Amino acid sequence: MADELGPPDNYRLVDHDPGPPSPTQVSISIKAAGISFVDVLTASGGYQVKPPVPFIPGSECAGVIIAVGAEVEGLQVGDRAVASGWGGMFANVTNLPARTVRKMPEALSFEEAAVFPVSYATAWHALADRGQLKAGETLLVLGAGGATGYAAVQIGKHLGARVIGSASSDGKRMLATAGGADAVIDARGDDWREQVKAANDGKGVDVVFDPVGGEATDPAFRSLAWNGRHLVIGFPAGIAALRTNLPLLKGASLIGVDVRQFGIFEPEKSEANRDTVFALAAEGKLKPAVARSYALEDFRAAMEDAATGKSAGRIVLVMD
């Protein structure tokens, strides 16, 4: 917890009793919590929406339900559950609205389930809703070894696309291949656009999944085919400036993806999407990759690890 947003050193472990759940909440004994770049950015105060303080980081977790509010239906004490929300999950116990909690797919471990909800809901919303990705089209995934990128590789293949994964290290490219990518390219190569063309038989790609931003955005947009769609997921590498003649010349679209606001403005569709990805996880068709696990007391090292973006796979906090 921290009284002021900032770097990991601002945060400390404290005794905190969330109390009993409200009538519409459940209490979860947390077994694992995911850490993403966005979690660290939010904790630092650098995210586009700043949380109130005092603040407990953590936006997704998995654990066991230990108490249920009087008005809650469909969940009970003892259920293994997975949840996502706006902070509060770097903890042993938390109270969460029952609407944000789902039974954990049996095919996933606690560590895998803890990093499943946000990335896979984001990637599904991006590709199925915003990008309208069709079977037979080509999908280029930037940051293919990262959280949402790896999810996009798996979902792209599930939707029937040819998937090209762009990643910055051998480990991340190997992970993208393991996730189903048909081809992988070096994100740091001087001939990056030539690699993209070669991976798609000299043609432009139909959809770009871009959770990277910065210098990667312009060449990726230029790699689109006619009627291409460039999906803006995030920009840890910086906010890019795109020349407006490019969409005109390519008949292409630049499309924003914000799964948090999607849940606010279109809650029923958002829940239907989550039904879909959780069902696919239960069938073993979607599964996140965990790079490393840290004990809760080592949360600062875990946050610093997640902030670097160098890991092939996700960073997870594991509670006793």
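Start with helix 1, residues 37–44 (helices are DSSP runs of H or I with at least four residues, strands runs of E with at least two, numbered from the N terminus). Select Asp-39, Val-40, Thr-42 and Ala-43: these residues of helix 1 are buried (under 20% relative accessible area with a 1.4 Å probe, protein chains only). They sit on the same side of helix 1, because they cover an arc of only 160 degrees around the axis, taken from the directions from the helix axis to the C-beta atoms. Add strand 1 (25–35) and helix 11 (299–308), against which the buried residues of helix 1 pack. Gly-45 follows helix 1 and has a positive phi, near 90 degrees.

This is a predicted model: local features need pLDDT of at least 70, side-chain atom pairs count only at 80 or more, and totals for chains, interfaces and linings use all residues. Residues are numbered from 1 along each chain as its sequence is written, and side-chain values use heavy atoms, without hydrogens or water.

Next, the largest nonpolar core, with 42 residues (buried Ala, Val, Leu, Ile, Met, Phe, Trp, Tyr and Cys joined through side-chain atoms within 4.5 Å). Phe-116 and Leu-127 are among those with the most contacts inside it. Elements giving two or more residues to this core include helix 3 (117–130) and strand 9 (205–210). Apart from it lies another core, of 32 residues, among them Val-26 and Phe-55.

Now zoom on Phe-116. Beyond its neighbours within four places in sequence, Phe-116 is in contact (heavy atoms within 4.5 Å) with residues including Glu-60, Val-277 and Pro-288.

How values were computed. Buried means under 20% relative accessible area, exposed over 50%, partly exposed in between (1.4 Å probe, protein chains only).
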